[in-house]
Amino acid sequence: MSLLSFLQPLKPMPPESPITAIAHVIQLSVAPVFLLTGIGAMLGVLTNRLSRIVDRARVVERRIPEDQGSAQAELQALSTRARLVGASIGLCTLTSLLVSTVIALLFLGTFLTFNASLVVAMLFVASMLAFILALLLFLREIFIATAGLRFGRR
């Protein structure tokens with residue numbers, strides 16, 4: 001092969017078939033779908049923690065007449081934890097909505113033949129920022145929960 005053969009005009013690629021385009025979009029959407037599964041698991045953990053916080057608050061509220069001071073302090077900590085978990089649940093839900101929008105835009109961009117790459121990238125970055133913030137709030141809630149632990153004391 002000579003050097004001149006590389007300089008000849010390239011032959012146009014055959015147009016991509018619709019099935020091939022759909023298959024490619026499905027391949028692109030698999031990773032966000034797995035991400036949705038992980039976020040769903042995280043939502044399960046958060047809702048379980050929230051229900052445990054609510055259950056504990058009910059027990060502590062019944063104890064208020066006998067032990068006013070420590071019960072009020074524990075209720076305040078439980079309230080803070082519940083707010084943090086609630087905000088984390090909201091951010092995980094927002095993350096799921098954004099990731100779902102990314103998947104929908106991938107398909108719409110293919111079928112309606114418009115370039116959605118910038119919007120998809122921006123939505124994906126926004127979803128990751130929301131998820132990072134949700135995880136940070138969750139970590140803060142765990143720090144508050146473990147700060148009050150006293151093992152071996154009666």
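Student: As what does glycine 90 count, at 38% relative accessibility?
Tutor: This is a predicted model, in which local features need pLDDT of at least 70 and side-chain atom pairs count only at pLDDT 80 or more, whereas totals for chains, interfaces and linings use all residues. Residues are numbered from 1 along each chain as its sequence is written, and side-chain values use heavy atoms, with hydrogens and water left out. Buried means under 20% relative accessible area, exposed over 50%, and partly exposed in between, for a 1.4 Å probe and protein chains only. With its relative accessibility of 38%, glycine 90 therefore counts as partly exposed.

Student: In which helix does glycine 90 lie?
Tutor: Helices (H or I, at least four residues) and strands (E, at least two) are DSSP runs, numbered from the N terminus. The protein chain has 4 helices and 0 strands, in the order α-α-α-α from the N terminus on. Glycine 90 is a residue of helix α3.

Student: How far apart are the C-alpha atoms of glycine 90 and alanine 134?
Tutor: Along the chain, glycine 90 and alanine 134 are 44 residues apart. In space, their C-alpha atoms are separated by 8.1 Å.

Student: What span should helix α3 have, at 1.5 Å a residue?
Tutor: The expected span of a helix is 1.5 Å times one less than its number of residues. Helix α3 covers residues 68-111, which is 44 residues, and its end C-alpha atoms are 64 Å apart. This agrees with the expected span, which is 64 Å.

Student: Which residue just after α3 takes a positive phi?
Tutor: The residue is found in the loop between α3 and α4, and at 68% relative accessibility it counts as exposed. Its phi is about 50° although it is not a glycine. The residue just after α3 with this positive phi is threonine 113.

Student: Which residues have the most contacts inside the largest nonpolar core?
Tutor: A nonpolar core is a set of buried Ala, Val, Leu, Ile, Met, Phe, Trp, Tyr and Cys residues joined through side-chain atoms within 4.5 Å. The largest one has 19 residues, and α2 (18-63), α3 and α4 (117-147) each supply at least two of them. Apart from this core lies another, of 8 residues, including Leu98 and Leu123. Inside the largest core, the residues with the most contacts are Met42, Leu46, Leu75, Leu78 and Cys92.

Student: With which residues is leucine 46 in contact, leaving aside its neighbours within four places in sequence?
Tutor: Contact means heavy atoms within 4.5 Å. Leucine 46 is among the residues with the most contacts inside the largest core. Beyond those sequence neighbours, leucine 46 touches Val85, Ser88, Ile89, Cys92 and Phe138.

Student: Is serine 127 buried or exposed?
Tutor: Serine 127 has its place in helix α4, and what covers the buried residues of α4 includes α2 and α3. Its contacts, neighbours within four places in sequence aside, are Thr95, Leu98 and Val99. Because its relative accessible area is 0%, serine 127 is buried.

Student: What is the relative accessible area of threonine 95?
Tutor: Threonine 95 has its place in helix α3. Leaving aside its neighbours within four places in sequence, threonine 95 is in contact with Ile39, Ser127, Ala130 and Phe131. Threonine 95 is buried, and its relative accessible area is 0%.

Student: How far apart in space are phenylalanine 143 and arginine 81, C-alpha to C-alpha?
Tutor: Phenylalanine 143 lies in helix α4 and is partly exposed, with a relative accessible area of 47%. In sequence, phenylalanine 143 and arginine 81 are 62 residues apart. In space, C-alpha to C-alpha, their separation is 9.6 Å.

Student: Which helix gives the most to the lining of the largest pocket?
Tutor: On a 1 Å grid over the protein atoms alone, a cavity is a set of points where a 1.4 Å probe fits but cannot get out, and a pocket is an open set with protein on both sides within 12 Å along at least five of seven lines; lining residues have an atom within 4 Å of a point. The largest pocket is lined by 15 residues, with Glu74, Arg81, Ala145, Gly148 and Leu149 nearest its centre. α2, α3 and α4 each supply at least two residues of this lining. With 5 residues, the helix that gives the most is α2.
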